[in-house]
Amino acid sequence: MQEVQTDIKEVKLYIDGEYIQSSTNSTYEVKNPATQQVIARVHEASYEDVDAACRAARRAFEDGPWRTMPLAERCAKIRRMGEIILERKEELARLEAMDVGKPYPVALEKEIPRAAHNLTFFADFMEKQGGEVYPMGDEYLNYTRYEPVGVAGLITPWNLPFMLTTWKLGPCLAAGNTAVIKPAEITPLTVSLLGEIAKEAGIPDGVVNVIQGFGSNSTGEYLTTHPEVDLISFTGETTTGKAIMKNGADTLKRVAFELGGKAANIVFEDANLDKTIPVSIQAAFLNSGQVCLAGSRILVQRSIMDEFVERFKKAASELKVGDPQDRTTNMGPVVSEEHYNKVTSYLEIAKQENATLVYGGKRPVLPSHLENGYYLEPTIYIQENPNARICQEEIFGPVVTIIPFETEEEALEIANNTDYGLNGVVWTDNLQRAHRISHHVRAGTIWVNCWFIRDLRAPFGGFKKSGIGREGGHHSLEFFTEAKNICIALK
Ligand code: NAD
């Protein structure tokens, strides 16, 4: 069993029920984004290692008892995984906070429990599924079975590593598939433990494999081109989704993509600002704005612009930026040096585009142990031009843009003026308007007078360049199953 440690942790691959080293002995370092201290040395999976993981998953699928065991038994083991995650939640939350730079309480109280729920939910959901029978009189019995597809490649990003991986693993396993998981290269810690958690829960070796490494020309690409992999569930950037689609084409892989977003958070003049402001602050700066669902374009009706800007700025100034391990911290650093450089490059772009800086835009003053961390103040701009790059491109950091509008029609036009369509948020007390906007914003999820409220039965996914397919409830199960029609002559 690997241990949580504050010194450098060795992250190995988990293949066929065992931790193994990279066959080429290639390793790389991962740093704590709050301090730049090296926290892990990670084994990078070579092609041979990826091949071994995919073959182990194939054997476990074809020969093993996993897909053929009684459903209740399979689901009990998945539920047990959820329980083990809760038993280890402090350790997992510490690791997630250290790896991603997110505040420890957010990991402990929200993300790790949600990860456990992702498993228990799909175990319960799967057990309640029925099939269809098509009555054909007395001559034939015609019915449908939902069977697992085979070996699934699960590829996840760095912003919510454990939560997003289990969101895929739950339905994947419940449907009877086997998995090869590849977490993001810069946040391997929590996901690296999923193999041993599965084993402790009684899940057979080879069903859950975890490989580590980079994307393009590396582990990720080897997985998406491997002939033993039948389907790829991917969450990450839109450009990566395009590459995976091309790479998976030769072996005709089934794909589901959850991609980038640039959500409009639309505030009408009749909104209750006492509710709108604190939730919009969350939508802007939770996880340092590194959330695909972030309300990063805040559309505000011009009649309330001054009041909104003043109050939003004040609320942003009250966020405590600091050490992710400190319970009172509201916002940590961004995840890495590379990402810090990307996010801060938008400060220069905003200046060139004549955006008005309302708040932030610099490194916060922090205690000396955090002086090397990748920190940026919560940063707010006003930009009148909705075509400006800061209104169009996914910055994925603590940088938001307020865009004024006059009418409902204009708000809709600006909201839909984007390549993305993951989600939208509407603040209004007008019921008809709430419905109208919800119908006409082209996005997969619309929240009215709330944000990030999820029911795992509901579909989740993006319009336009924000994704292909839906996760959640039966939508996830459809992706992870093959529907088979059986027709039996009764005479
Ligand atoms: P990314 O696309 O750079 O990386 C995601 C994963 O893909 C990583 O594991 C990476 O190693 C792997 N990868 C990269 N290139 C690959 C390739 N050619 N072949 C196979 N695998 C490859 O994304 P990121 O920077 O880790 O995450 C941030 C992005 O994720 C943002 O765009 C964000 O909006 C998106 N995201 C979307 C959702 C959603 O539900 N829609 C949720 C979270 C994050």
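The following dialogue concerns the ligand site of a predicted model.

Guide: Local features need pLDDT of at least 70 and side-chain atom pairs pLDDT 80 or more, while totals for chains, interfaces and linings use all residues. Residues are numbered from 1 along each chain as its sequence is written, and side-chain values use heavy atoms, without hydrogens and water.

Visitor: What makes the contact of Lys182 with the ligand a polar contact?

Guide: A polar contact is a pair of N or O atoms within 3.5 Å. A polar side-chain atom of Lys182 lies 2.9 Å from a ligand oxygen atom, so the pair meets that limit. From the backbone, an N or O atom of Glu237 lies 2.8 Å from an oxygen atom of the ligand.

Visitor: Why is the ligand said to lie between domain 1 and domain 2?

Guide: Domain 1 (9-259 + 466-487) and domain 2 (264-459) both give residues to the shell around the ligand, so the ligand lies between them; the bounds come from an automatic or database domain assignment.

Visitor: Which residues of the shell come nearest to the ligand?

Guide: Of the 31 residues around the ligand (a heavy atom within 4 Å), Glu185, Glu237, Thr240, Leu259 and Glu394 come nearest.

Visitor: Which helix gives the most to this shell?

Guide: Helix H7 does, with three residues; a helix is a DSSP run (H or I) of at least four residues.

Terms used: A polar contact is a pair of N or O atoms within 3.5 Å; within protein, one must be able to donate a hydrogen and the other to accept it, and residues adjacent in sequence count only if both atoms are side-chain atoms. Helices (H or I, at least four residues) and strands (E, at least two) are DSSP runs, numbered from the N terminus.
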